[in-house]
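Biologist: Hey, can you pull this one up and walk me through it? I have a handful of questions.

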Amino acid sequence: MSSKRIFVFPGSFDPVTIGHRDIIMRASRNCDLLYIAILNNVNKKGHFFSLEDRLSFLRSMTKDIENVRVVSFDGLLIDFCRQNDCCCIVKGVRNASDFEYEINMADINANLSAHSVDTVFYPAKQELSHISSSVVRELIHYHADISSFVNEDVIKRLRKM
Ligand code: PNS
């Protein structure tokens with residue numbers, strides 16, 4: 001077991017939003033190393049942005065945070081935790097329905113790890129709680145302005161699509 005406190009923030013990040021960025025900044029202050037683990041589910045088609053794009057957006061967005069490492073993973077999150085010595089899973093929670101879903105996931109992951117991996121919830125800041133990747137994707141679909149939700153990289157990429 002590592003003596004470092006290693007956290008993992010998992011997600012699809014399709015695309016990463018400024019809400020994610022806030023959770024990343026806060027979680028990175030509570031650990032020695034924060035993995036941002038992007039789900040690369042080979043069976044789950046239908047991501048709007050490719051894995052390469054999602055990795056690139058996150059690397060660019062977190063380049064000023066020293067203890068963050070952006071990676072991709074496939075399979076069970078708890079296996080990623082075991083392989084990378086993570087003691088805590090980070091989740092951002094915006095509202096009661098997020099909480100209801102995440103408390104169940106936290107329980108599953110705790111049981112799968114024989115309670116060696118805990119889940120830490122970060123409540124979303126009020127002013128960011130309306131932002132989600134799915135809302136951003138919907139706005140993209142209708143060619144609406146997403147500049148207050150995502151970083152410039154995402155907008156630049158969209159222009160080339
Ligand atoms: O951003 P998302 O799509 O809400 O992230 C979901 C994610 C990646 C955290 C979740 O799907 C996940 O942990 N997937 C890996 C498979 C797994 O471990 N599932 C939990 C046990 S059923």
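Modeller: Sure, here is a tour of the ligand site, the salt bridges and a few odd spots in the backbone. Keep in mind that this is a predicted model.

Biologist: Ligand first. Which residues are around the ligand?

Modeller: Pro10, Gly11, Ser12, Leu39, Phe73, Gly75, Leu76, Leu77, Lys91, Met105 and Ile108.

Biologist: And which side chain has an N or O atom 2.6 Å from a ligand oxygen?

Modeller: That's Ser12. Leu77 also comes in with a backbone N or O atom, 2.8 Å from an oxygen of the ligand. As for cover, the ligand has 550 Å² of accessible area on its own, and the protein covers 66% of that.

Biologist: You listed Leu76 there. Where is Leu76 found?

Modeller: In the loop between strand S3 (68-73) and helix H3 (77-83). Leu76 counts as partly exposed, at 47% relative accessibility. Together with Ile108 and Leu112, Leu76 makes a nonpolar surface patch of about 250 Å². Both Leu76 and Ile108 are among the residues around the ligand too.

Biologist: Okay, salt bridges. How many are there?

Modeller: The count comes to nine. One of them pairs Asp22 with Arg26, at 3.0 Å from N to O.

Biologist: How many residues apart are Asp22 and Arg26 in helix H1?

Modeller: Four, so about one helical turn separates them within H1 (residues 18-28).

Biologist: Is Asp22 buried or exposed? And what about Arg26?

Modeller: Asp22 is buried, because its relative accessibility is 6%, under the 20% cut-off. Arg26 is buried as well, at 17%.

Biologist: What about a bridge that links distant parts of the chain?

Modeller: Look at Arg157 and Asp53, whose side chains meet in a salt bridge at 2.9 Å, N to O. Arg157 is in helix H6 (residues 152-159) and Asp53 is in helix H2 (residues 51-61), so the pair spans 104 residues of the chain. Arg157 is partly exposed, with a relative accessible area of 28%, whereas Asp53 is buried at 12%.

Biologist: Got another one for me?

Modeller: Arg94 with Asp98, where the closest N and O atoms are 2.8 Å apart. Arg94 is partly exposed at 34% relative accessibility, and Asp98 is buried at 15%.

Biologist: Which residues do shared salt-bridge partners join into one network?

Modeller: Asp22, Arg26 and Lys125.

Biologist: Switching topic: His47. Where is its place in the chain?

Modeller: His47 is in the loop between strand S2 (33-39) and H2. Setting aside residues up to four places away in sequence, His47 touches Ser12, Asp14, Leu39 and Arg54. With Arg54 there is also a polar contact, side chain to side chain, at 3.3 Å.

Biologist: How far is His47 from Asn109?

Modeller: Their C-alpha atoms are separated by 24 Å, and the two residues are 62 apart along the chain.

Biologist: Now Thr17. Is that one buried or exposed?

Modeller: Buried, with a relative accessible area of 2%. Thr17 is found in the loop between strand S1 (6-11) and H1. A polar atom of the Thr17 side chain lies 3.1 Å from the backbone nitrogen of Gly19.

Biologist: What is Thr17 in contact with, leaving aside neighbours within four places in sequence?

Modeller: Met61, Ile131, Ser132, Ser133, Val136, Phe149 and Val150.

Biologist: You mentioned odd spots in the backbone. What's there?

Modeller: A bit of background: most peptide bonds are trans, and most residues other than glycine have a negative phi. In this model, a cis peptide bond joins Asp14 and Pro15, with omega about 0°. Pro15 sits in the loop between S1 and H1.

Biologist: And which residues have a positive phi near 50°?

Modeller: Phe13 has one, and Ala114 has one. Phe13 lies in the loop between S1 and H1, and is buried at 3% relative accessibility. Ala114 lies in the loop between helix H4 (96-112) and strand S5 (118-123). Unlike buried Phe13, Ala114 is exposed, with a relative accessible area of 63%.

Biologist: Great, that covers my list. Thanks!

Note on methods
Residues numbered from 1 in each chain as written. Predicted model: local features only at pLDDT ≥ 70, side-chain atom pairs only at ≥ 80, totals over all residues. Heavy atoms only, no water. Salt bridge = Lys/Arg side-chain N within 4 Å of Asp/Glu carboxyl O. Helix = DSSP H or I, 4+ residues; strand = E, 2+ residues; numbered from the N terminus. Buried < 20%, exposed > 50% of the residue type's maximum accessible area, 1.4 Å probe, protein only. Patch = residues over 30% accessible without salt bridge, like charges linked within 9 Å, V, L, I, M, F, W, Y side chains within 5 Å. Areas by Shrake-Rupley, 256 points an atom, 1.4 Å probe, with all protein chains shown as cover. Near = heavy atom within 4 Å. Polar contact = N/O pair within 3.5 Å; in protein donor to acceptor, adjacent residues only side chain to side chain. Contact = heavy atoms within 4.5 Å.
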